[in-house]
Amino acid sequence: MGRQVCDAVEAADGLEVVARIDVGQDPKLAVAAGAEVAVDFTNPEATLGNIEFCVANGISVVVGTSGFGPDKVARVEELLAGNSEVGILIAPNFSLGAVLMMKFAAQASAFFESVEIVELHHPNKLDAPSGTALRTAQLIAEARKAAGVGRSPDATAEDADHHRGGKVDDVTIHSVRLRGLIAHQEVLLGGVGETLTIRHDSLDRASFMPGVLLGVREVAKHPGLTIGLEHYLSL
Ligand SMILES: NC(=O)c1ccc[n+]([C@@H]2O[C@H](COP(=O)([O-])OP(=O)(O)OC[C@H]3O[C@@H](n4cnc5c(N)ncnc54)[C@H](O)[C@@H]3O)[C@@H](O)[C@H]2O)c1
């Protein structure tokens, strides 16, 4: 992702790559090169340190790394409390199609009794469920709560080995890991006598680049913490 982001930034009007930093390299290179925005696609252990460094140096950050949990988000909020000028965008998914899928799924979930998420990825993925599925579940839970819709009906009484999947905010998520897949998600919605399926397929990592570039252009204009690219889009 890092290499592809550098290529996309180089090719974009009005943007320039001033530093490329891999593990073991000194992030001060970015400060010396006058970086205004940093993009982090590393791993959850490295990201927090990178954000701390950037905030201390007045550099806004676009974070794509997944598996960035609530405790780390809370730490970022603490860091930003003393640095109101810096913007941080944490986006579970930079694909515009995936952002729309999450938005539409949350909207639709207020009108259906049942909802479940199936996320499907390549078998090299480290985290389950995916960051996108987690975020979708949170958005669905918020939309259903606001609309006064209760839990999805489920009579399962015996499931010691979790064959029914995991739950996030009472929304069931099933994680599939299969050779040949890239990144896919279905949101299954059910009401009496009908179902609706909203599906998104990422077929190439190039699909993330328009969203990353939007993040790079916008992040410094949005001081503080923003979670989700949807906040930079007029939906
Ligand atoms: N949000 C999205 O839309 C999206 C899309 C694709 C991937 N991702 C996530 O992005 C992350 C990276 O994915 P990838 O496929 O590029 O992984 P990768 O393993 O190919 O690349 C990660 C890179 O980070 C480098 N790195 C590790 N620690 C570092 C540090 N402290 N400073 C600088 N560089 C460091 C590694 O050397 C490696 O080159 C993963 O968490 C993945 O799930 C998110």
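Me: How many residue pairs are in polar contact across the interface of domain 1 and domain 2?

Reply: This is a predicted model, and the rule finds one such pair across that interface, with both residues at pLDDT 80 or more. As for the side of domain 1 that touches domain 2, its residues split into four nonpolar, five polar and one charged.

Me: OK, and how many salt bridges are there across the interface of domain 1 and domain 2?

Reply: The rule gives one salt bridge there. Look for Glu 230 and Arg 135: their side chains meet in a salt bridge, at 3.3 Å from N to O.

Me: Where do the two domains sit along the chain?

Reply: Domain 1 is made of 2–90 + 206–232, while domain 2 covers 96–203. Their C-alpha centres are 28 Å apart.

Me: So how do I read the size of an interface?

Reply: People often give it as the accessible area lost when the parts come together. Here, domain 1 and domain 2 bury about 610 Å² between them, and 60% of that is on carbon and sulfur atoms. You can also count residues: 10 from domain 1 are in contact with seven from domain 2.

Me: Let's try a single residue. Is His 163 buried or exposed?

Reply: Exposed counts as over 50% relative accessible area. His 163 has 68%, so this residue is exposed. You'll find His 163 in the loop between helix 6 (131–147) and strand 5 (166–168).

Me: What separates the C-alpha atoms of His 163 and Leu 235?

Reply: They're 36 Å apart in space, and the two residues are 72 residues apart along the chain.

Terms used
Residues are numbered from 1 along each chain as its sequence is written. This is a predicted model: local features need pLDDT of at least 70, side-chain atom pairs count only at pLDDT 80 or more; totals for chains, interfaces and linings use all residues. Side-chain values use heavy atoms; hydrogens and water are left out. Domain bounds come from an automatic or database domain assignment. Contact means heavy atoms within 4.5 Å. Buried area is the accessible area (1.4 Å probe) that two parts lose on being put together, summed over both. A salt bridge is a side-chain nitrogen of Lys or Arg within 4 Å of a carboxyl oxygen of Asp or Glu. A polar contact is a pair of N or O atoms within 3.5 Å; within protein, one must be able to donate a hydrogen and the other to accept it, and residues adjacent in sequence count only if both atoms are side-chain atoms. Ala, Val, Leu, Ile, Met, Phe, Trp, Tyr, Cys and Pro count as nonpolar, Asp, Glu, Lys and Arg as charged, and the others, Gly among them, as polar. Helices (H or I, at least four residues) and strands (E, at least two) are DSSP runs, numbered from the N terminus. Buried means under 20% relative accessible area, exposed over 50%, partly exposed in between (1.4 Å probe, protein chains only).
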